Amino acid sequence: MNKYELRVNNAVIPCEGLNEWSAMEKLGIFEIGNKVECLWYDPGEKEAWDPVPCVGWIYQVELNNKLTLAFIKRIG
């Protein structure tokens, strides 16, 4: 399992899953909408220990009947 850090509104929530989608889905606290953006490493900054070049993802989510953005990044 991969470890992720989810930031939505003012909350920071640790979660685990096979990918970012499944980690958010396992929490079950909001409806996950479309992926808005994917943030990437600059190839010069990529660390040898991290095989995945993607730093984080931004998703549109519905929380308390309102649309907001959630940022999730892989931390381990």
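Read from one end of the sequence to the other, the chain runs β-β-α-β-β-β, which comes to one helix and five strands. The model is a predicted one. Of its 76 residues, 32% are buried. Taking contacts between residues at least 6 apart in sequence, 42% link residues at least 24 apart. About 5,200 Å² of the chain is exposed, with carbon and sulfur atoms supplying 52% of that area.

The core comes next. In soluble globular proteins, nonpolar side chains tend to be buried together. Here the largest nonpolar core holds 15 residues, and the members touching the most others are L6, M24, F30, Y59 and I72. At least two residues of this core come from each of β1 (2–8), α1, β3 (31–40), β4 (54–63) and β5. Strand β4 gives the largest share, with four residues. As for Y59, leaving out residues up to four places away in sequence, its contacts take in E20, W21 and M24, along with I32, G33, N34, K35 and V36, and then T68, L69, A70 and I72.

On to the helix. Helix α1 covers residues 20–27, and E20, S22, A23 and M24 are buried in it. An α-helix has 3.6 residues a turn, so residues three or four places apart point the same way. Just after α1 sits G28, with a positive phi near 65°.

The start of the helix is where N19 comes in. This residue belongs to the loop between β2 (11–17) and α1. A side-chain oxygen of N19 comes to within 3.2 Å of the backbone nitrogen of W21, and the N19 side chain also reaches the backbone nitrogen of S22, at 2.8 Å. N19 counts as partly exposed because its relative accessibility is 35%, a value between the 20% and 50% cut-offs. In sequence, N19 and R74 are 55 residues apart, yet their C-alpha atoms are 8.8 Å apart in space.

Finally, there is T68, which has its place in strand β5 (residues 66–74). Its side chain makes a polar contact with the side chain of N9, at 3.0 Å. Setting aside neighbours within four places in sequence, T68 is in contact with V8 and N9 on the one hand, and with Y59, Q60, V61 and L63 on the other. The pairing with Y59 also turns up in the contact list of that core tyrosine.

Conventions: Residues numbered from 1 in each chain as written. Predicted model: local features only at pLDDT ≥ 70, side-chain atom pairs only at ≥ 80, totals over all residues. Heavy atoms only, no water. Polar contact = N/O pair within 3.5 Å; in protein donor to acceptor, adjacent residues only side chain to side chain. Contact = heavy atoms within 4.5 Å. Buried < 20%, exposed > 50% of the residue type's maximum accessible area, 1.4 Å probe, protein only. Areas by Shrake-Rupley, 256 points an atom, 1.4 Å probe, with all protein chains shown as cover. Core = buried A, V, L, I, M, F, W, Y, C linked by side-chain atoms within 4.5 Å.
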